[in-house]
Amino acid sequence: MRYPGYAPLVEPARRSAALWRLMVGIVLITAVFLALSLIYGFLITQFIPIEAWGEDGLGIEQATTPLGALVNLFAFGLLIMALALVLPLIHKRGLRSVIGRPALALRQGGRVLLYMLGVYVAASLVQLIDPIPLTPGLDPSRWLALLPLTLLGLLIQTGAEEVVFRGYLQSQLAARVRHPAVWLVLPALLFGMLHFQPGIMGSAAWVIVVWAALFGIAAADLTARCGTLGPAIALHFGNNFAAIALSAPTGYFDGLALATYPFGPEDTALMLQWMPMDLGILFCSYLAARLALRV
């Protein structure tokens, strides 16, 4: 393999590397996730307090209230459950086999987060040159009180996406197809396409797709180099913490944010203006991760 460090995640997939198994696995994971989501949605309507819905009734749909944002983040736990149920059935492997050695993954992820902190501090200093005026979001005391739940929710959300795309899809493809261009890029493209939301993002929707696909490639490369999902989850977690818990666009997934930008996802011109900075931070975070792990 061109990525010898990737062997611990690929070897468990070789016993069930047939493409038909992957196709059946994807269908079953989707079906189980949708079924669990229906149950989850029913329970939300029965037990979630009215304030979670917000004054416009979109607090959960667009994650504009603290409870609404947490409901969305914790929903990704259903995806992990679906994968955990399907993996032994179709591929005769467990959830741990798509994550890697837990202790190693934890150490790698911790180092990546530490180095990413430096990237975000540097980015914050650069933005002081031409600052974007921010609007206060959550009251700081309430933000701190919710922080443990926010961190847990973000870990579940980012972990779920990584175990499915970089852990499951990527390793199963790598066990079947030798060329890295296939198993690095295909899951990343699918990951990007699932971020296509023209109803929310407007004409900037394709920009978000491109960003998400590039993120997927960066996370895929880190996973293949390091042999665990730790670095990819850390890269994802650090990015989403900044975008959801620190400063978020107004009107979409800003329910847990300490501050909001004076524009929303539908403001195409401003989103396009902001995108080079986002891509620059992503690239620097990827380089910081490689530096942290010397890979």
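Partly exposed means a relative accessible area between the buried limit, under 20%, and the exposed limit, over 50%. The legends below use these classes. The model is predicted.

**View 1. A salt bridge joins D221 and R225 in helix α9.** The closest N and O atoms of D221 and R225 are 2.6 Å apart. Both residues belong to α9, which spans residues 205-226. They sit four residues apart, about one turn of the helix. Is R225 buried or exposed, or does R225 fall in between? R225 counts as partly exposed, because its relative accessibility is 29%, and the class lies between under 20% and over 50%. D221 has 8% relative accessibility, so D221 counts as buried.

**View 2. R166 and E162 form a salt bridge within helix α6.** The side chains of R166 and E162 meet at 2.8 Å, N to O. Helix α6 covers residues 140-176 and holds both partners. Four residues separate R166 and E162, about one turn of the helix. R166 is buried, because its relative accessible area is 1%. E162 is also buried, with a relative accessible area of 0%.

**View 3. Helix α1 carries a salt bridge between R14 and E11.** The closest N and O atoms of R14 and E11 lie 3.0 Å apart. Helix α1 runs over residues 7-14. The partners are three residues apart, about one turn of the helix. R14 is partly exposed, at a relative accessible area of 37%. E11 is partly exposed too, at 41%. How many salt bridges does the structure hold? The count is three.

**View 4. Seven named residues line the largest cavity: M116, Y120, L235, N239, I281, L282 and S285.** The volume of the largest cavity is about 30 Å³. The structure holds one cavity of 30 Å³ or more. Which helices each supply at least two residues of the lining? They are α5 (102-127), α10 (230-246) and α11 (268-293). Helix α11 gives the most, with three residues. By class, the lining has five nonpolar residues, two polar and no charged.

**View 5. The second largest pocket has a volume of about 430 Å³.** It is lined by 17 residues, and those closest to its centre are A105, L106, L155, G230 and I233. Helices α5, α6 and α10 each supply at least two lining residues. Which helix provides the largest share of the pocket lining? Helix α5 does, with six residues. The pocket lining comprises 13 nonpolar and four polar residues, with no charged residues.

**View 6. I39, F42, L43 and F47 make up a nonpolar patch on the surface.** Together, the four side-chain owners I39, F42, L43 and F47 have about 450 Å² of accessible area. F42 is found in helix α2, which spans residues 19-47.

How values were computed:
Residues are numbered from 1 along each chain as its sequence is written. This is a predicted model: local features need pLDDT of at least 70, side-chain atom pairs count only at pLDDT 80 or more; totals for chains, interfaces and linings use all residues. Side-chain values use heavy atoms; hydrogens and water are left out. Buried means under 20% relative accessible area, exposed over 50%, partly exposed in between (1.4 Å probe, protein chains only). On a 1 Å grid over the protein atoms alone, a cavity is a set of points where a 1.4 Å probe fits but cannot get out, and a pocket is an open set with protein on both sides within 12 Å along at least five of seven lines; lining residues have an atom within 4 Å of a point. Grid points are joined across faces, edges and corners, and a volume is the space filled by probe spheres set on the points. Ala, Val, Leu, Ile, Met, Phe, Trp, Tyr, Cys and Pro count as nonpolar, Asp, Glu, Lys and Arg as charged, and the others, Gly among them, as polar. Patches are made of residues with over 30% relative accessible area and no salt bridge: like charges are joined within 9 Å, nonpolar side chains (Val, Leu, Ile, Met, Phe, Trp, Tyr) within 5 Å. Accessible areas come from the Shrake-Rupley method with a 1.4 Å probe; for residues, only the protein chains shown count as cover.
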